Amino acid sequence: MGPTDDRGKLRSPENGDVAVTSTLNADLAALLSERSVTRFVYREARLIDDRQLEDWLDLWTDDACYWVPADETNGGLHRVQLVLDDRDRLGERVYRLTHADAHSQEPYSRTTHLITGVEVGEPDNDQVEVHAALALVEVRRGVQEIYAGRIRYRLRVVDGELKFAEKFVRLSRNDAVLGNLTFVI
Amino acid sequence: MNYARLVRSDQVHSSVFTDPRIFEDELRYIYGRTWVYVGHDSEAEKPGDYVLKSIGRHPLIMSRDEDGLVHLLINRCRHRAATVCQAEQGNSSFFRCSYHGWTYKNNGELIGVTYPNAYAQPPAAASMSLTPVPRMEIYRGFVFGSLAHEGEDLEQFLGPSRLCIDMLVNASPTGKVKLSAGVQRTMYHGNWKLIGMDGYHPNFGHKSVVNLLRRRARLQKNLATDSEQEADRRQEFSDGFEGDSANQTADLGHGHTRLITTSTWDSDYESKIEPLVRSEAGKEYARLLAESYGVDRVRKILVEARDPHIGIYPNLQIIESQVTLLRPMAVDRTEVLMWPALFDGVPDEINQERLRRHEWFYGPSSFGTADDSEMFERMQRGMQSDIDPWVLLARGAGREKELDDGTLIGHITDEVPQRGMMREWARLMTAGSSDHQRTATSQ
């Protein structure tokens, strides 16, 4: 799943350095445990749905990548994307959505993120890869839209806290004709 | 229907945007007769490549044959009318109808009919090949088709709007752009004519973008508060669309319209464009441009590359790095397909910068065009009321200047493009309906 160029390249447990696992200290192990990671992923969805986007922004690393491709070609950075935010652009997205004049979110979209099938990978040093299924129900002006897809998260422990280094969302409809997708996916 | 009565010199009746019967007539009298933008030849780059396209409701295949020639074929088997090509894009020497096995070459030629002996006269390639779009012409890679067998050629049709296509294409050192990075397919619940060149709206419709650019300036200058920033309020994007901007609008005839923003990009060259050619990739890009066009022209090319902001009637827009195709689906539903145009023969970083800049403003999750779509939908809802049915397009009507070639020029905030598009609409619809009546009465 997903592009394979530098920005999206993952150090999966299969090809990573397995030996480091044993050197994880207890805190790191607790943070990267299935329970902790799953709670963190659910919390992210709740912050979006509750429109606490400033808090949501705090969940990301400085080198964050929030990525929603516009097709299935896995063409990476050489393709046009629906969303490809680094930390700066993520900040702009949140600023736009939390200030006036983002007309496409007036009225705003009410979203419900259903995150399920969470699979937490083996920690790789301070990182862990997580897969989940998404059903996103959006209601705006009384019209309900459903977007489904798969999410790949990459979480990292930074200064003793879990952060998202990457959230890669492969929407089933990504290459279909789409309406207003200006809410946070 | 009397179409001339629905369009006044500075007003248009809202039924033009809401009446389904008028929409049906538009498919016949506009999309069925004029040149319509279909696609870019880089979408079918190699022999055998094909991509599905359309004109109005006609499903098309744009294919490139083994000799490298581009074809526009109606995607309809000549036997029982099933579409013969299903994949959005691909590479194939043949299109074979899966229903009864009729087979066509990728240039449309009928080459196989199953069990042909049962026909009194077996279907022949000469008469039963895939129907080509009656006329097709290509200007610098942009493929246009016309469903009318006769009419002016593409060059006459494009007129001065060709210069804007040149501005985009000339910024490639090889003189080629490529629409090979994929497409964003968006839609809005509104009429296709609501989208157009509009230099009046950016400071209001795109207020959130203006806010973001001010925030950037503030962060760069480490200004702490909004009030400090107020003193330093003016900046490039909003300035270009202020009431005192030197930028202009143009009605180029044929409904083709343009925003002329050269003055903004020229005066911002040092701050906005020059930094892009300071990187290693940028230096290489500038060197390649100088090699192709001469070192004296590099600055002009880089400025002009930011300037294309043109609507080619009825369904093509080129705005800086992106190419937009409009698909009228219903009177109140329009699909907007947006391709970032990449330059051929430049360092990869140059095109990636174009892609990332594109995503910022264009697309369903973007900060720019999503707000445009919202406005189009609000207009469509507002127009459900026809107590006061006239839509006002009067801004700057008294201050248009006419150039020698007939081009009308106005201030950037003037509704010169809107009047130009509606004038062409009324001309085409009137001509179409009178031709239709003439044909009907002669039968």
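Helices (H or I, at least four residues) and strands (E, at least two) are DSSP runs, numbered from the N terminus. This is a predicted model, where local features need pLDDT of at least 70 and side-chain atom pairs count only at pLDDT 80 or more, while totals for chains, interfaces and linings use all residues. Residues are numbered from 1 along each chain as its sequence is written, and chains are lettered from A and ligands numbered from 1 in the order in which they are written.

**View 1. Where chain A and chain B meet.** Welcome to the first close-up. The model scores ipTM 0.92 and pTM 0.92. Chain B has an average pLDDT (the predictor's confidence in each residue, from 0 to 100) of 94, and 96% of its residues score at least 70. Look for 28 residues of chain A and 29 residues of chain B in the contact (two residues are in contact if their C-beta atoms, placed from the backbone, lie within 7 Å). On the chain B side, β13 (184-188), α7 (207-221), β19 (333-340), α14 (348-361) and α15 (369-382) each supply at least two residues. Sorted by class, this side of chain B has 11 polar, 10 nonpolar and eight charged residues. Here Ala, Val, Leu, Ile, Met, Phe, Trp, Tyr, Cys and Pro count as nonpolar, Asp, Glu, Lys and Arg as charged, and the others, Gly among them, as polar.

**View 2. Helix α7 of chain B, from its buried residues to what follows it.** Its end C-alpha atoms are 21 Å apart, which agrees with the 21 Å that its 15 residues should span at 1.5 Å a residue. That expected span is 1.5 Å times one less than the number of residues. The buried residues of α7(B) are S208(B), V209(B), N211(B), L212(B) and R214(B). A residue is buried if 20 or more other C-beta atoms lie within 10 Å of its own, exposed if 12 or fewer, and partly exposed in between, with C-beta atoms placed from the backbone. After α7(B) comes N222(B), with a positive phi near 55 degrees.

**View 3. Helix α15 of chain B and its surroundings.** How many of the 14 residues of α15(B) are buried? The count is 10, so this helix is largely enclosed by the rest of the structure. Among the buried ones are T369(B), M375(B), F376(B) and Q380(B). Their cover includes α1 (15-18), β13, α6 (202-205), α7 and α14 of chain B. The end C-alpha atoms of α15(B) are 20 Å apart, in agreement with the 20 Å that its 14 residues should span at 1.5 Å a residue. R381(B) also lies in this helix, but counts as partly exposed because it has 13 C-beta neighbours inside 10 Å. From R381(B) to Y188(B) is 193 residues in sequence and 12 Å in space, C-alpha to C-alpha.

**View 4. The two domains of chain B and the largest nonpolar core.** Chain B is divided into domain 1 (39-147) and domain 2 (158-200 + 241-435), with bounds that come from an automatic or database domain assignment. Their centres, taken over C-alpha atoms, are 31 Å apart. Where these two domains touch, domain 1 gives eight residues and domain 2 gives 11 residues. The domain 1 side has four polar, two nonpolar and two charged residues. The largest nonpolar core (a set of buried Ala, Val, Leu, Ile, Met, Phe, Trp, Tyr and Cys residues joined through C-beta atoms within 7 Å) has 133 residues, and V130(A) and M62(B) are among those with the most contacts inside it. Strand β1 (residues 60-69) of chain A provides the largest share of this core, six residues. Each of the two chain B domains adds at least three residues. The residues that M62(B) touches, leaving out those up to four places away in sequence, include V38(B), Y50(B), L72(B) and V143(B).

**View 5. Backbone surprises in the loops of both chains.** Most residues other than glycine have a negative phi, and most peptide bonds are trans. A cis peptide bond, with omega about 0 degrees, joins E106(A) and P107(A); P107(A) sits in the loop between α4 (87-98) and β3 (110-120) of chain A. Another cis bond links Y313(B) and P314(B), with omega about 5 degrees. You will find P314(B) in the loop between β16 (309-312) and β17 (316-319) of chain B. R51(A) is not a glycine, yet has a positive phi of about 60 degrees. Is H254(B) buried or exposed? H254(B) counts as buried because it has 23 C-beta neighbours inside 10 Å, and its phi is positive, near 60 degrees.
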